[in-house]
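Q: I would like to learn how to read some features of a two-chain protein model. Where should we start?

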Amino acid sequence: MGAHHESSSTAPAILAEVNPTALPRAILVENNRSYSWITEKICGIIEGKTPTWWWVCFALACFVASFTVAGISYLVATGVGVWGHANPVNWAWDIVNFVFWIGIGHAGTLISAILCLLRQKWRTSINRAAEAMTIFAVVCAGIFPVFHVGRVWYAFYLFPIPNSNAIWQNFRSPLEWDVFAVSTYGTVSVLFWYVGLLPDLAILRDRFEAAGQRARSFIYGFFAMGWRGSNRHWSNYEMAYLVLAGISTPLVLSVHTIVSFDFAVSLLPGWHTTIFPPYFVAGAIFSGFGMVLTLMLPLRAVYGLQDLITQYHIDCMCKITLATGTIVGYAYGMEFFIAWYSANPNEGFAFVNRAFGHYAWAYWIMISCNVITPQFFWFKSVRHNTSLVWILSIFVNVGMWFERFVIIVTSLARDFLPSSWGYYSPSIVEIFTFFGTFGVFSVLFLLFIRFLPIMPMAELKAVTPQADVHGGEKH
Amino acid sequence: MKRKFDHSAPSESALTGPRYWRSLDELTATPGFQQHLAREFPEGASTLDGVDRRSFMKLMAASFALGGLGLAGCRRPEKNILPFGKSIEGVIPGLPQYFATAMPLRKSAIPLLAETHQGRPTKLEGNPTYAPHGGASSLLAQASVLDLYDPERATVNTSKGDVLSAAAANDLLAGVGKTYAAVQGAGLAFLAEQSSSPTRARLVDQLRAKFPKAVWSEYEPVSDEPPAAAARAVFGAAVKPIYRFAKAERIVSLDADFLSAESGSLYYAREFAKGRRVTKKEDPMNRLYVAESALTLTGSMADHRLRLASSHIYSFAAALAGKITGDAVYARVAEGLDIKPEWIAECAADLAAHKGTSLVVAGAHQPAAVHAIAYAINASLGNIGRTVDFVEVAADESVSISDLAKAITANSVKTLVVLGGNPAYNAPAELNWPALQKSVGEVIRFGYHSDETSALAGTHLAAAHYLESWGDARTADGVVVPVQPMILPLFGGITEIETLARILGLPKTDGYSLVFDTVTALGGGDSAKTFRRFLHDGLLANSAYPIVSVNLSGRGLAQVLGSVAPAVGALSKANLEVRFVTDHTMDDGRFANNGWLQECPDPITKISWDNAILVSPRLGKELGIEPKGSLIQVARKEEADFTQGAENAHVFTLTVGGRTVRGPVHIQPGLSNYTAVVALGYGRTKSGHVGTGAGFSAYAVRTAQAPAFVTGATLVTTGTRMKLANTQEHWSMEGRDLIREANYSEYKENPDYVREMGIESHAPSNLGKVGEAMTPAQRATEIPRGGSLYETPKFDGVHQWGMSIDLNTCIGCNACVVACQAENNIPIVGKDQVMRGREMHWIRLDRYYSDGKADGRAMADLFGGEPSGNSILPEDPQISLQPIACAQCELAPCEIVCPVNATVHDDEGLNTMAYNRCIGTRYCANNCPYKVRRFNFFDYNLRPLDSLYLGQLAPKGMPELVKMVKNPEVTVRMRGVMEKCTYCVQRIQNGKIQHKVKTAQAGRPSDVVVPDGVIKTACQQVCPVESIVFGNILDPKSEVSVAKAREQDYALLGYLNIRPRTTYLGKLRNPNSKMPDYAALPLSRIEYNNKNHSGDHSSSHGEKPEKPAKQSGGHSSVLPSNHSGGLS
């Protein structure tokens, strides 16, 4: 845009009025790409031949996912004892993984909904993939609370289904709230994602129709729900999208708040703390953006999407990661302050024990990854080094997994009665089950990038320079 | 042998009428048919592994058939066992019946009531008619019912590997009798266990008369009674002491574990608790001095505990006697004893100030000389006849196993009859018994299990369990009690007295007749009536050993002292003392195949499924196995390396006198510095699945000369490690207010000391002002909300159940743990699962040590300065014990978090479990601050414990025999379900129903409140010290209300506002302020003060104030004085 300003500055030396220059808007689609370029680029991913690397990755992902399938099958056939749980650590990797995946699932909806409402246009190139990531992360998250129960064949007791005994669920239990929160979040996320897909599915339908691929055209057409791109469609679409964004926005905050209630509502030192809801939400966004970076940077490189996912996008995401990471760091400090200020010796012990007790290694991994790592994002040179950003984003993911581990396991392992103190170690089954969920996630994500448009074409076009009817002129 | 109350005698016609026969074989009585009759089942049926349900039902049916409907001509004499008065005449399906019986063990027995369901015993209780036990029973008695249904017990008689029919076995025994009668028994030898049975004594007398040249020897690997030699030397009579602990205000234990290991310990524990219990300020409290090498349960109750090698106890006793009596005779023995002289002086002074109300007790394993000294001290203090009585007992005329071994070596034994015992496993090592036994021509082994000894015997005769047997026994004080069968022998075993009677060739060889003859002869009067009474009451009135007056013979004493040289040689790493102790659960090894006992953790070490070589922290350091701890020791250092929750113990070789044994070493605070303590009873090589391979056998290094302790041992590391299943990883209370303790002197000034501890003492009351003003009963029903906005449950039942546990009297015997297991069908999970922390016990005993050094300066280790207390292991700790089960919180944190409403409150205040509703989220267990909820991680009830991880591929189903022991009133839980204590809700419901029926029949249907004391929980019923009190807290006069109204009553973690229905009564210690190891506050209290009020170090460094200054907050901070650490 700077170039436009220069060309129009043929004014006299003395200004009639002082008119400060607006900060230049970042360009969201670089190299002045045309609409058709965008369409070709994104649809090309789907229409082109399946690349070999995709098949390799898909096979690998399926193999990894089979670990989860095998682990869960063994668990159901045998008993929860195949995991490392024991008194007093009755929750461990199962719930750690659940919270970890749910946390990752936060960035997608945050990008789609909150940034949509805040009119952050840079969201457009990443929101589709981030939303898909959200949904797949929720799928992975859902595996754990369902299968960690002792009698999974009775897990339907969790849902308010009428039964002959007229027993209701216990609506005081945060786990019950979780059931509603996560299922609502999952449903709304899918709806939001799907509504956003409609115009793009219609484009694919039409292109496959034109190419004579009737079957694919039919499938995309079926899901496009008769989208014709009429003004009426667009107007309804915009309204529906806005409404869903409105619905999703509180959910972004509520889901992790409620997940944090699993701990905050209990009376365990280290769990029983009111700081958890905001701290968990910040942590979730932190981890979510970490995961978006982890996924989008390779995607950008593989498909040559540098024009669509620009350095500006990476900068934005890094800055959000920095902000939320710092909030999380603040929360870690504040926990210690609260524990000290409460004068409750059990609370005090729980936190000193976290930092210096048997699980100190986990605590310091957490601190290094979550508090120190994001601080690198203060530096522009770091933000502009894509490889480094990617590596740091991995650290964020690791750190956030450890945060949940530290909260859940260290608090349980050493609570009120020293006689019951214990030490938890995961079993091989647990490790593989968790490892496998990355495969599950990857399978779903690979299918997504192969069969669905990874960016919202229509929205992208709206933020290209050429979409600006004023050609960047200021009025 | 049926269980009908009254059974008509066979009619005349039945006996003499026309004779019916089923076949010509029967008419002619061919041997084949006789065998067929005796068999009941086709050949080989009883060799099946265990019993399936079908054959069990046949067995039961057969018992009725034999008893009532048998063919005329094959009738046995009528043998009724009489139900105890509590039961109803005849059998009412669904209602249990109770019969009096007794569990014999060595020279004593525990009178019991057996609860039977449709003819199968499932649970044992103490017989309340026997007043000294007051209805209590022991850990071993509780678990013994499981042995009855042990699928791996000996099920058939075998001879050289072939099955021997019952008839053939009888012939064999009769043949032995006939053969040796001709030669007056020359070449015949018996090796039996000790027994208190009058019938056996009678038969042994007959045996001696008939076979005068036969050898009758008795062997017990451990002795639980004082050696008879001591009494004979000092008093010149065959007497044994019976202690009256309730009357003793000052007690000194010389290495005696009278609360747990000695014969009569149930009675002693109960009496000791009477002198210990303080219900109000004016109550006196006894004071216990203990000098011991191992840390025993008795030692854990001590007010002053001196860690002293067992071999030095002799000198210590002499020194004490010298101080008290002033007699020079002791001086020589007392010489060279290396302890603080004030300890002895002040202890002696305290005893001397309590003449007639003091008591000195020596451990049964100590040599006769120590007992002689103890008797002399008691005599000198005027205690005899007051706190100790001597009763006349029969002199023991049996020969020792060593003498028998000599006879075998001399080739003078042709036939050896081994009655019970297991000498191949536990005989003194130097005898090399297995080889010895093999050298005997004919060995007939009578035993319950097919074990190490059976494997080396030509013939094995399957013994009946005591719950299948007719017999009799004597309690420790001599009262004759019946051993009644609750069920016909499951596998047709016979009893010891029947075996003897058959060898003797008596006309009547059945147990019933033998016992009948003995008891009616003892009891006199109308024999039928006497016997009926005997069976009904479960004891024979006025049959206790007579108390006799004794006169101390100074010459005898001097002789004993002169004959035994003192051994106060300095012990060191290179010259260790080894102390062999009877295991709390395995006893001498006879209970090795009992899963309940194997899994029950040792009350002190908390190790289950194994024994270990226990060493003191100092020795541990010298051996280089002291755990390292962390850079910053946040909490106190653990006494062992724990890897993933399992104790990773170093394996050492213990060498004594050239013999070695390998075993894991566990550092045990409180031991004498250079004494290695080893529990016997483990390391069985031929037991069942449960017992084989658990632990190591210390018998390998144990000789007849030194059965209890020996010096000159060394420990050498093997460099390997072994995992132990330790159920309690952390030993320190960490300065928390969990067990609130005070010294007796402080308590008298400040009886509500418990209120000055804990977070509640600093915070506004959870109950609010309104709640504080309420009575306990009001609080229970109205649940004052304090500042809370939340609605609370309605407690509108007519009962509100509550429990009170007196920490002051609890001795930590673990009986409640196994009683609960038996009552509530709690599965065992095996060593592997215990190591993972998945034991299922609903009640557990937390054991803490304190040394007063937890000071909260964790950082000191990192930032220099003195090492903090956190990195030190206590050498001389005080021990605090706390039984913990579900406390039935009124505002239960587990209930709030259960998403499916599987754990809910009932209107009587019980926190109940709906097992069918539970899906197993385990959230409740996480949110339980007491960690008393137990989760079924696997199908522990259905799958074999060694194939839990095979899942669906593992064999499924519980052995039929094991099903028999299950309490039919309690659900057997499946995998994936959470479970926990519900105050024995089945007992509560039974009590309520029975009361309702009773009052309705009496025309008072509105009277539905069950009177206090009618309903007892299993843990309460078994508790020998009456620590546990349960009842209705709405009734202000109920025992539990009275207990809860006491000033020492407090709620564990009460600040959480969970309002547990189980509350605790604070613990008291009664130290002597003049003693060198006196601490003005219990050490745990010092730790509490230091952790919570660490600024308060102003008062008394090094001083020893007479009484702690009562400060406004009650947080006087006193450092412990130096403990005299025993011999160093």
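A: Start with a definition: a salt bridge is a side-chain nitrogen of Lys or Arg within 4 Å of a carboxyl oxygen of Asp or Glu. Keep in mind that this is a predicted model.

Q: Which side chain does B:Glu638 meet in a salt bridge?
A: The partner of B:Glu638 is A:Arg414, and the N to O distance is 2.9 Å. Between chain A and chain B the count is 3 salt bridges. Residue pairs in polar contact between chain A and chain B, both at pLDDT 80 or more, number 43.

Q: Which elements give two or more residues to the side of chain A that touches chain B?
A: They are α3 (52-78), α6 (174-211), α8 (231-264) and α11 (345-356) of chain A. The largest share of that side, 6 residues, is from α11(A). By residue class, the side of chain A that touches chain B divides into 35 nonpolar, 23 polar and 7 charged residues.

Q: How many residues does each chain bring to the contact, and what area is buried?
A: Chain A brings 65 residues and chain B brings 67. About 5300 Å² is buried between chain A and chain B, and carbon and sulfur atoms give 55% of that area.

Q: Now to sheets. Which strands pair with β27(B), and in what sense?
A: Strands of a sheet pair through backbone hydrogen bonds, either parallel or antiparallel. Here, strand β20 (residues 576-581) of chain B pairs with strand β27 (residues 709-726) of chain B in the antiparallel sense, over 4 bridges. Strand β21 (residues 607-608) of chain B is also antiparallel to β27(B), over 2 bridges. Strand β24 (residues 646-656) of chain B pairs with β27(B) in the antiparallel sense too, over 8 bridges.

Q: Which residues can I use to locate these pairings on β27(B)?
A: For β20(B), take B:Glu577, whose bridge partner in β27(B) is B:Thr711. For β24(B), B:Thr655 stands opposite B:Thr714. For β21(B), B:Ile607 stands opposite B:Asn726.

Q: What is the order of the strands in the open sheet that contains β13, and which strands stand at the edges?
A: The sheet has 3 strands of chain B in the order β8-β13-β19, with antiparallel pairing. At the edges stand β8 (239-243) and β19 (547-548) of chain B; each has a single partner strand, so one side of each is left without a neighbour in the sheet. Strand β13 (residues 388-392) of chain B pairs with β19(B) over 2 bridges. In that pairing, B:Val391 has B:Ile547 as its bridge partner.

Q: How many residues of helix α5(B) are buried, and what do they pack against?
A: The cut-off for buried is under 20% relative accessible area. In helix α5 (residues 139-148) of chain B, 10 of the 10 residues are buried, so the helix is largely enclosed by the rest of the structure. Among them are B:Gln142, B:Ser144 and B:Asp147. The buried residues of α5(B) pack against β1 (97-105), β2 (108-117), β3 (120-126), α23 (595-599), α28 (815-823) and α34 (1018-1022) of chain B.

Q: Is A:Glu459 buried or exposed?
A: A:Glu459 counts as buried, because its relative accessibility is 18%. This residue is found in helix α16 (residues 457-462) of chain A. Leaving aside neighbours within four places in sequence, A:Glu459 is in contact with A:Arg123, A:Thr124, A:Asn127, A:Tyr237 and A:Tyr241.

Definitions and conventions
Residues numbered from 1 in each chain as written. Chains lettered and ligands numbered in written order. Predicted model: local features only at pLDDT ≥ 70, side-chain atom pairs only at ≥ 80, totals over all residues. Heavy atoms only, no water. Pairing = 2+ DSSP bridges. Contact = heavy atoms within 4.5 Å. Buried area = accessible area lost by both parts, 1.4 Å probe. Polar contact = N/O pair within 3.5 Å; in protein donor to acceptor, adjacent residues only side chain to side chain. Nonpolar A, V, L, I, M, F, W, Y, C, P; charged D, E, K, R; others polar. Buried < 20%, exposed > 50% of the residue type's maximum accessible area, 1.4 Å probe, protein only.
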